[in-house]
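User: I would like to go through this model term by term, and to see for each label which criterion lies behind it. Please set each value against its definition before you conclude.

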Amino acid sequence: MNRSVDMAAGLDLGLAWHNRFASLGEAFYTLLSPTPLPEPHWVSKNPVVADLLGLDRAWLDSPDAVDAFTGNAPVAGTQPLASVYSGHQFGHWAGQLGDGRAILLGEVDTASGPQEVQLKGSGLTPYSRMGDGRAVLRSSIREFLCSEAVHALGIPTSRALCVTGSPAPVYRETVETAAVVTRVAPSFIRFGHFEHFSHSGQHEQLRQLADFVIDRFYPTCRETPGNPYAALLEAVSARTASMVAQWQAVGFCHGVMNTDNMSILGLTIDYGPFQFLDAFNPAHICNHSDTGGRYAYLRQPNIAYWNLFA
């Protein structure tokens, strides 16, 4: 599968794009463009995140913006790609996974540091497995609202720029309509990226990924005596512990803490069957697929620890 196109002649968003993740090489991703949706329309926009990116609010109201953030038109300067990773799901090794319905447009330098921009629900990728590459309106609105609520609570998280919708049918437990949520984060690298290269014996790529993460996000790991990779594990552990402690403090249940849903930066990502506790119930399970209660509220700290050493 290769739908890559020349993005030099696409829509100009007035942003200076980079894609530093792409510098890692083809072992880490597949270049491809989003798959268009019919009759896209606005569902919601977040002017605060637009300001974060340096995106002109007036342009965000234009028809071109709907096309750009639905994946219906190329964006000038971007290098769209889907990344490969692996992971443990519900405690079992699931093998190769990857961005099955998300495409990274690129990265923008901001006053708060570099921010990656990703379209979730933007079509099939080589990593979609049995999926359709789409997101539904219901879950996209939930992610848009909750990621911003978690941010407002002071908990590290991905952000949401906007949601666009389409009348295209998407088949889940019932027939729903399609949507695309534009997510923003300093990086979408996950524990699962490291697992992919470790479990497949690609040790050169594993070291390359670790060096990339250290140099970009954890430079102090090279400033302390000893092994910088052990220092990276310690730093990621500290960020993850802090994030989960904040979840526990506000009664947030993630619901699907698979290793491929854990951010290497200690960010809350991949809002699926999440909930906030209505009343204190340590055994609360928010994911109806979690029949064994692996990701129950009280187990979240231990699961985070397990994921760090999976």
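User: How many salt bridges does a search of the whole structure find?

Analyst: The search finds 14 salt bridges, where the term stands for a side-chain nitrogen of Lys or Arg within 4 Å of a carboxyl oxygen of Asp or Glu. This is a predicted model, in which local features need pLDDT of at least 70 and side-chain atom pairs count only at pLDDT 80 or more, while totals for chains, interfaces and linings use all residues. Residues are numbered from 1 along each chain as its sequence is written, and side-chain values use heavy atoms, with hydrogens and water left out.

User: What makes Asp51 and Arg57 a salt bridge?

Analyst: The closest N and O atoms of Asp51 and Arg57 are 2.5 Å apart, and the pair therefore falls within the 4 Å that the definition allows.

User: Why is Asp51 called partly exposed?

Analyst: Buried means under 20% relative accessible area, exposed means over 50%, and partly exposed is what lies in between, with a 1.4 Å probe and protein chains only. Asp51 has 42% relative accessibility and therefore counts as partly exposed; Arg57, at 43%, counts as partly exposed because its value also falls between those limits.

User: How do you know that Glu143 and Arg183 form a salt bridge, and which parts of the chain does the pair tie together?

Analyst: Their side chains meet with an N to O distance of 3.1 Å, which is within the 4 Å limit and so satisfies the definition. Glu143 lies in helix α4 and Arg183 in strand β11, so the pair ties together parts that are 40 residues apart in sequence. Helices (H or I, at least four residues) and strands (E, at least two) are DSSP runs, numbered from the N terminus. Glu143 and Arg183 are both buried.

User: What is the N to O distance between Asp270 and Arg190, and where in the chain do the two residues lie?

Analyst: The side chains of Asp270 and Arg190 meet in a salt bridge at 2.4 Å, N to O. Asp270 sits in the loop between β12 (252-253) and β13 (275-276), and Arg190 in the loop between β11 and α5, so that the pair links distant parts of the chain, 80 residues apart. Asp270 and Arg190 are both buried. Lys120, Glu143, Arg183, Arg190 and Asp270 are joined into one network by salt bridges that share partners.

User: What makes a space in this model a cavity, and how many are there of 30 Å³ or more?

Analyst: On a 1 Å grid over the protein atoms alone, a cavity is a set of points where a 1.4 Å probe fits but cannot get out, whereas a pocket is an open set with protein on both sides within 12 Å along at least five of seven lines; lining residues have an atom within 4 Å of a point. The structure holds two cavities of 30 Å³ or more. The largest has about 80 Å³ of space, a volume being the space filled by probe spheres set on the points, which are joined across faces, edges and corners. Its lining includes Phe21, Asp99, Glu116 and His193, and the elements that give two or more residues to this lining are β4 (81-83) and β8 (115-120). The second largest cavity has a volume of about 40 Å³, and Pro34, Ala73, Pro74, Val75 and Leu105 lie nearest its centre.

User: What is the volume of the largest pocket, and which residues are closest to its centre?

Analyst: The largest pocket has a volume of about 1400 Å³. Of the 42 residues that line the largest pocket, Arg101, Arg172, Val256, Gly272 and Pro273 are the closest to its centre. Helix α4 gives the most to this lining, with three residues.

User: How does the lining of the second largest pocket divide into nonpolar, polar and charged residues?

Analyst: Ala, Val, Leu, Ile, Met, Phe, Trp, Tyr, Cys and Pro count as nonpolar, Asp, Glu, Lys and Arg as charged, and the others, Gly among them, as polar. On that basis the lining of the second largest pocket has eleven nonpolar, four polar and two charged residues. This pocket has a volume of about 440 Å³, and α5 gives the most to its lining, with five residues.
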